[in-house]
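Got the viewer open? Let's walk through this one stop by stop, picking a selection each time and looking at what is there.

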Amino acid sequence: MARTTIDDVAAAAGVSIKTVSRVLNDEPGVRSETRNRVRDAIASLSYRPSLPARSLAGKRSNLLGLVYDNPSANYVFDVQSGAMARCRNAHLRLFIQSCNDLGGESVEEVLAMIDQTHVDGLVVTPPLSSDPALISALDERRLPYVRLAPDDTSKGGPCVIMDDEAAAHDMTAHLLELGHRRIGFVAGHPDHPSSRLRRLGYQAALDAAEIGASQPIEQGYNDTASGYEAGRRLLSIAERPTAIFASNDDMAAGVVQAAHELGIDVPRQLSVAGFDDSQIAAIVWPALTTIRQPAYEMAFTAAGLLIDLIRGRPAPARTELAYTLVQRGSTAEAP
């Protein structure tokens with residue numbers, strides 16, 4: 001069976017090939033009625049654009065890149081899924097590059113990926129989105145990019161953020177409202193800007209309750225193993241916390257594991273809260289009370305802004321999405 005071509009779509013919709021191309025590239029200048037007719041023809045004919053042909057015609061690769069350096073598989077999955085969904089809607093492909101454990105070689109790795117794949121633009125996730133060397137290199141190359149959750153939104157290209165500090169403040173305030181006065185904290189990876197903001201929010205809520213100086217804090221690294229170790233340390237002190245707030249869900253799951261091993265009932269004897277509302281939050285038992293960071297939506301939005309930049313449309317410098325405090329079975333009133 002012959003492959004459906006753009007000519008077939010144009011004939012079925014009663015428009016020119018150029019109009020079909022404009023619809024595929026989501027360009028302006030096409031009436032909504034015509035656009036819908038073209039989309040109906042694409043669907044009925046099961047037409048799939050040829051990326052090489054589109055690249056030759058438009059001098060673009062029709063390939064976007066996403067780079068990440070994050071040990072949390074759950075967060076990475078949400079980000080990748082969101083960016084991929086937006087690319088699929090625009091008939092583009094997404095190239096994903098991990099920079100985990102590369103340290104100072106991350107910038108070179110990203111630039112090598114750009115040279116080898118000729119991506120039209122880049123979605124840059126934290127902590128890479130706050131790396132001045134990488135941002136400077138992208139600016140020098142004039143490659144369109146959009147950043148997720150950088151620590152400084154005033155410098156560099158467009159960014160998509162949520163208020164990590166306010167969210168952490170709200171979660172800590174929630175634990176205080178439940179009557180907890182010994183609230184331990186598992187800090188996130190020190191290289192991630194969001195870790196600093198979440199710790200600031202936690203500390204601000206405690207300071208407002210005038211108990212900030214007395215709370216135990218342990219360092220984590222955004223993975224379950226470090227959360228487990230931090231949880232063991234927090235639960236072994238003489239006056240152990242009645243609640244522990246971890247800077248992400250992976251570490252909170254590790255804290256729950258540590259509590260189970262020590263015979264500490266969650267939430268009757270210990271409340272545990274996380275951050276992100278990633279997949280693990282609903283899998284761990286009891287399910288985690290957490291802050292829902294809209295990671296999927298943030299990545300979807302960032303990819304959409306990047307497509308706008310590539311296609312010559314303006315993009316806002318700063319887009320903020322809302323968070324939600326999700327209450328589940330891992331928190332209860334203080335014992």
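A word on pairing before we start: two strands count as paired if DSSP finds at least two bridges between them. Keep in mind, too, that this is a predicted model.

**Stop 1: strands β6 and β8**

Select residues 183-187, which are strand β6, and residues 243-246, which are strand β8; the two run parallel and are joined by 4 bridges. For one of the residue pairs, pick V186: its bridge partner in β8 is A246.

Now bring in helix α10, residues 224-234. Helix α10 packs on the sheet and touches β6, β7 and β8, and its direction makes about 150° with that of β7. Add helix α8, residues 164-177, as well: α8 lies across β6, β8 and β9, running at about 170° to β8.

**Stop 2: widen to the whole sheet**

Which order do the strands take here? Reading across, you get β7-β6-β8-β9, an open sheet of 4 strands with parallel pairing. Colour β7 (217-219) and β9 (271-273) to see the edges: each has a single partner strand, so one side of each is left without a neighbour in the sheet. Ignoring direction, neighbouring strands of this sheet are turned by 15° against each other on average.

**Stop 3: helix α9**

Select residues 193-208, helix α9. Try a distance between its end C-alpha atoms: they are 23 Å apart, which agrees with the 22 Å that 16 residues should span at 1.5 Å a residue. Next, show side chains for P193, S194, S195, R198, G201, Y202, A205 and L206, the buried residues of α9. What covers them? The cover includes α8, β6, β7 and β8. Before leaving, click on E210, just after α9, where phi is positive at about 60°.

**Stop 4: the other sheet**

Move over to the open sheet of 6 strands, ordered β2-β1-β3-β4-β5-β11 with parallel pairing. Its edge strands are β2 (93-98) and β11 (318-320), and each of those pairs on one side only. From one strand to the next, the twist averages 20°.

Two helices are worth switching on here. Helix α5 (residues 73-89) packs on the sheet, touching β1 (63-68), β2 and β4, with its direction at about 155° to that of β2. Helix α13 (residues 295-310) packs on the sheet too, touching β1, β3, β4, β5 and β11, and its direction makes about 160° with that of β4.

**Stop 5: zoom in on β4**

Strand β4 covers residues 145-148. Buried or exposed, and which residues point together? Y145 and R147 point one way, V146 and L148 the other way, and all are buried.

Look at β3 (residues 121-124) next: it pairs with β4 in the parallel sense over 3 bridges, and V123 has V146 as its bridge partner in β4. To get from β3 to β4, follow the chain through helix α7, residues 132-141; this β-α-β crossover is right-handed.

Finish with β5 (residues 159-161), which runs parallel to β4 and is joined to it by 2 bridges. Select R147 and you'll find C159 as its bridge partner in β5; select L148 and the partner is V160.

Note on methods. Residues numbered from 1 in each chain as written. Predicted model: local features only at pLDDT ≥ 70, side-chain atom pairs only at ≥ 80, totals over all residues. Heavy atoms only, no water. Buried < 20%, exposed > 50% of the residue type's maximum accessible area, 1.4 Å probe, protein only. Right-handed = clockwise from strand over helix to strand, strands pointing away. Axes fitted to C-alpha atoms, helices over the stretch in contact; angles between N-to-C directions. Contact = heavy atoms within 4.5 Å. Expected span 1.5 Å × (residues − 1).
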